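Q: I'd like to go through this one with you. Could you pick out a single part and give it a close look?

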Amino acid sequence: MNRTDEQEAIAFAIGRKMERREIESLRDKVSCAAVLDKNGFAIDVKESTRRAVKYRRGSEIIIVTHGGRGWFDPLSDAKGDIFGLVEHLDRVGFSACVAKVADLIGFHISKAEWQPGIPDGQSDLPLGDRWQARRRPWRGSSTWRYLQDVRCLPTVLLCSAIKRNLLREGPQGTMWAAHTNEAGGVTGWEARGPQYRGFASGGTKVLFRLGSRAAVRLAVTEAAIDAMSLAAIEGLRDGTLYLSTGGGWSPTTAAALRRLASGPNVQLVAATDANPQGEMFAERLRALAEEAGCDWMRLRPSQEDWNEVQKLRPKRGSEKQKLEEEAKEEEACRRRAGRVKGGFSRLKPALDAGGRDAGGRKRITKD
């Protein structure tokens with residue numbers, strides 16, 4: 001980092017007790033991304049969205065929001081601005097935070113930055129109109145191929161979700177998975193694609209719901225694709241409502257879960273990811289179940305999430321099917337050979353008609 005005249009001025013200001021407007025200026029000039037990059041955090045592209053960029057350092061997670069001006073730790077209640085982030089990471093007082101942030105002016109982020117998302121081109125329309133304007137996926141469509149070929153979701157599951165009006169074709173081959181309120185109204189949608197992850201602009205995260213609304217077993221995941229993957233693994237188990245929070249824990253999501261959990265004979269299943277964030281969500285679900293007085297259990301995927309588990313299943317199945325087909329072909333060959341007079345001896349190379357070896361040494365000549 002090269003020190004500039006502005007830095008020198010700020011350093012001078014710190015020395016003479018920085019004024020409030022100068023601190024505000026510093027807050028606007030330095031992004032939380034710079035602090036995280038300098039401290040060895042890296043972007044988790046798979047888990048990031050246009051508005052919430054996830055950074056990881058080992059088991060630590062920080063989500064950067066508000067265009068780099070805000071942040072929160074999903075594993076605790078910690079959150080704040082650029083100065084709070086430095087205090088959170090370095091455990092230093094405010095004066096030291098100001099000095100460290102001032103030292104980052106002009107700092108260039110060395111690692112990959114989150115790229116802008118895919119605009120849907122209709123964000124000025126009401127939410128319901130944007131949803132209705134999009135077609136449902138059909139066999140062979142871009143979204144269908146993404147869900148079936150990349151995410152390995154089976155046809156029967158996709159047909160069930162489409163029939164329930166839960167999916168739409170998003171722009172550039174992305175999938176839209178509806179979040180709905182208690183009345184069934186669409187409040188927003190999770191958008192996923194090969195290179196994109198986000199939530200509907202202007203929408204509200206409530207719950208993605210796949211299954212009977214009268215179900216007493218509530219399987220809660222963190223993404224619609226995980227909810228559909230778990231449903232595929234369990235064969236759309238009777239009496240189960242597969243849910244997705246959309247990767248967050250908003251007040252509207254918590255309220256919706258609380259209403260569902262308050263029903264009679266309900267079992268709340270924490271089917272969240274097998275990572276620190278998933279464990280934290282599972283604990284929140286356990287607390288919610290205790291508050292609502294319903295049964296609770298933890299269902300942990302063998303991989304990091306349920307879609308990773310689902311992706312392994314077709315491979316296992318195809319390998320087994322290939323071995324079975326090879327065994328059948330081998331058996332068919334044996335039967336065909338057995339029907340030929342002389343059995344397998346007919347398949348041996350024929351000898352010279354005169355009983356002589358062909359190509360004897362005396363016949364070999366040099367060019």
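What follows is a walk through the largest nonpolar core, with a few stops around it.

A: Sure. Before we start, bear in mind that this is a predicted model, where local features need pLDDT of at least 70 and side-chain atom pairs count only at pLDDT 80 or more, while totals for chains, interfaces and linings use all residues. Residues are numbered from 1 along each chain as its sequence is written, and side-chain values use heavy atoms, with hydrogens and water left out.

A nonpolar core here is a set of buried Ala, Val, Leu, Ile, Met, Phe, Trp, Tyr and Cys residues joined through side-chain atoms within 4.5 Å. Buried means under 20% relative accessible area, exposed over 50%, and partly exposed in between (1.4 Å probe, protein chains only). The largest core holds 27 residues, and those touching the most other members are Leu147, Leu167, Met175, Phe208, Leu210, Met228 and Tyr242. Two or more residues each come from helix H7 (142-150), helix H8 (155-163), strand E7 (175-180), strand E10 (208-211), helix H9 (224-234) and helix H12 (306-339). Helices (H or I, at least four residues) and strands (E, at least two) are DSSP runs, numbered from the N terminus. H9 gives the largest share, seven residues.

Now zoom in on Met228. Skipping its neighbours within four places in sequence, Met228 is in contact (heavy atoms within 4.5 Å) with Leu153, Leu157, Ala161, Leu167, Met175, Phe208 and Leu210. Another core lies apart from the largest one: it has 26 residues, including Ile23, Ala33, Leu36 and Val53. As a general point, nonpolar side chains in soluble globular proteins tend to be buried together.

How about the cysteines? Cys32 is buried, at 0% relative accessible area, while Cys159 counts as partly exposed at 32%. A disulfide is a pair of cysteine sulfur atoms within 2.5 Å, and a search of the whole structure turns up zero of them.

One last stop is Pro264, in the loop between helix H10 (251-261) and strand E13 (267-270). Pro264 is exposed, with a relative accessible area of 66%. From Pro264 to Cys294 is 30 residues in sequence but 7.9 Å in space, C-alpha to C-alpha.
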